[in-house]
Amino acid sequence: MPQEGDAAVPASRASTPDERPHSQPSLPITAIVDARQSRAVERSAAGLHKRGLVSLKGLDDRESVARFTAQIMTVQRQRSDGPDGLTSLTHPAQFGSRSTERIASSGLAPRTAGSALVHPPGLLLLACLRAPAQGGHVRLVDGKKLYIYMTQRCPAAAAVFSAASAGFFGGSGGVTAPAFCRRGDGRVSLRLAPDSAVRWCAEAKTHLPQLQDALARNEITVKLQAGEGLLVDNLRWASGRTTSVGPYQFMRALGFPHDNRPTGVLPTQPAPGGTA
């Protein structure tokens, strides 16, 4: 099964499993949708429309995760998917072995899934079947807050990262695209990738510290326990995870909403300097 940790948090921003939650604000949970209830899809759609993120419970095993996933999205298949369209994310390889209880797994910097695709998936579902003994908090950055923060605090950098040629995402089959893409429907789509998976243009490189600082200032964290999950608008929210200790198991699904509901964010002000 796939393992995580190949995109470690930069040493300058790394923290121990228990350290980051004290220095980063946590996600304010106002409502939790029970995936087992009859109105779960309706309530999830309302939550996505309101803030682009839904907190879930009732995802107790792979079957329940697959069932809810099929109700909410058309899965975009990944190489590592199982027949049900889910990817099992575990660490370490010998899941459940007592000798591995103190093995640490490196964190994942916030990114949007499928950043190297022309049309990245609109939804990401992350469910926890087993939480690590320590750490493993989900790291989240709201693209709407990030976009507004940058246009207000560093408009020149926001303009550069809104340019169509801001960065090249992926390998030989990747795509040239902006970090903030202003679409024809008036929405802004977020596209972020780890440093190793994007090549920024020369001008964007000079403003990269401002983008990294804005990401750090707008990051929040949430700890998922077994049976809990997050349904995320992947074109609005960047997600990652803090370092962790001990075995864990998460299930992940990527796809597009059945109801063709628009994803991304409606900005409160136009993109600075030209169109993306």
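**Strand β2 and its partner**

How many of the 5 residues of β2 are buried? The count is 4, so β2 is largely enclosed by the rest of the structure. The model is a predicted one. Strand β2 covers residues 53–57. Its pairing with β1 is parallel and runs over 3 bridges. Strands of a sheet pair through backbone hydrogen bonds, in either the parallel or the antiparallel sense.

One bridge between these strands can be named by residue. Asp34 has Lys57 of β2 as its bridge partner. Asp34 itself belongs to β1, which spans residues 32–34.

**Asp34 in its setting**

Asp34 has a relative accessible area of 10%. The cut-off for a buried residue is under 20%, so Asp34 counts as buried. Its side chain makes a polar contact with the side chain of Arg36. The length of that contact is 2.9 Å.

Which residues does Asp34 touch beyond its neighbours within four places in sequence? They are Ala40, Lys57 and Gly58. Lys57 thus appears both as a contact and as the bridge partner in β2. Ala40 reappears in the contact that α2 makes with α3.

**Helix α3 and what surrounds it**

Helix α3 runs over residues 62–72. Its buried residues are Ser64, Val65, Ala66, Phe68, Thr69 and Ile72. An α-helix has 3.6 residues a turn, so residues three or four places apart point the same way.

The buried residues of α3 pack against one helix segment, α2 (40–51), and against several strands. Those strands are β2 (53–57), β3 (73–75), β7 (123–130), β16 (229–233) and β19 (248–257).

**How α2 meets α3**

Two packed helices are described by the angle between their axes and the distance between the axes. For α2 and α3 the angle is about 65 degrees, and the axes lie 10 Å apart. The crossing is right-handed. From α2, the contact uses Ala40, Val41 and Ser44. From α3, it uses Phe68, Gln71 and Ile72. By class, the contact has 4 nonpolar and 2 polar residues, with no charged ones.

Phe68 and Ile72 are also among the buried residues of α3.

**Strand β7 between β16 and β19**

Is β7 largely enclosed or largely open? Of its 8 residues, 7 are buried, so the rest of the structure largely encloses β7. Strand β7 pairs with β16 over 5 bridges, in the antiparallel sense. It also pairs with β19, again antiparallel, through 7 bridges.

Leu125 takes part in both pairings. It stands opposite Leu231 in β16. In β19, its bridge partner is Ala253. Strands β7, β16 and β19 are also among the elements against which the buried residues of α3 pack.

**A three-stranded sheet**

Another group of 3 strands forms an open sheet in the order β5-β18-β8, with antiparallel pairing. Strands β5 (104–105) and β8 (134–135) are the edges, and each pairs on one side only. Between β8 and β18 (residues 244–245) there are 2 bridges. Gly135 stands opposite Ser244 in β18.

**The chain as a whole**

The protein chain holds 6 helices and 19 strands. It has 276 residues, and 54% of them count as buried. How much of its contact set joins residues at least 24 apart? Among contacts between residues at least 6 apart in sequence, the share is 81%.

Key. Residues numbered from 1 in each chain as written. Predicted model: local features only at pLDDT ≥ 70, side-chain atom pairs only at ≥ 80, totals over all residues. Heavy atoms only, no water. Pairing = 2+ DSSP bridges. Buried < 20%, exposed > 50% of the residue type's maximum accessible area, 1.4 Å probe, protein only. Contact = heavy atoms within 4.5 Å. Polar contact = N/O pair within 3.5 Å; in protein donor to acceptor, adjacent residues only side chain to side chain. Axes fitted to C-alpha atoms, helices over the stretch in contact; angles between N-to-C directions. Left-handed = near helix turned anticlockwise from the far one by under 90°. Nonpolar A, V, L, I, M, F, W, Y, C, P; charged D, E, K, R; others polar.
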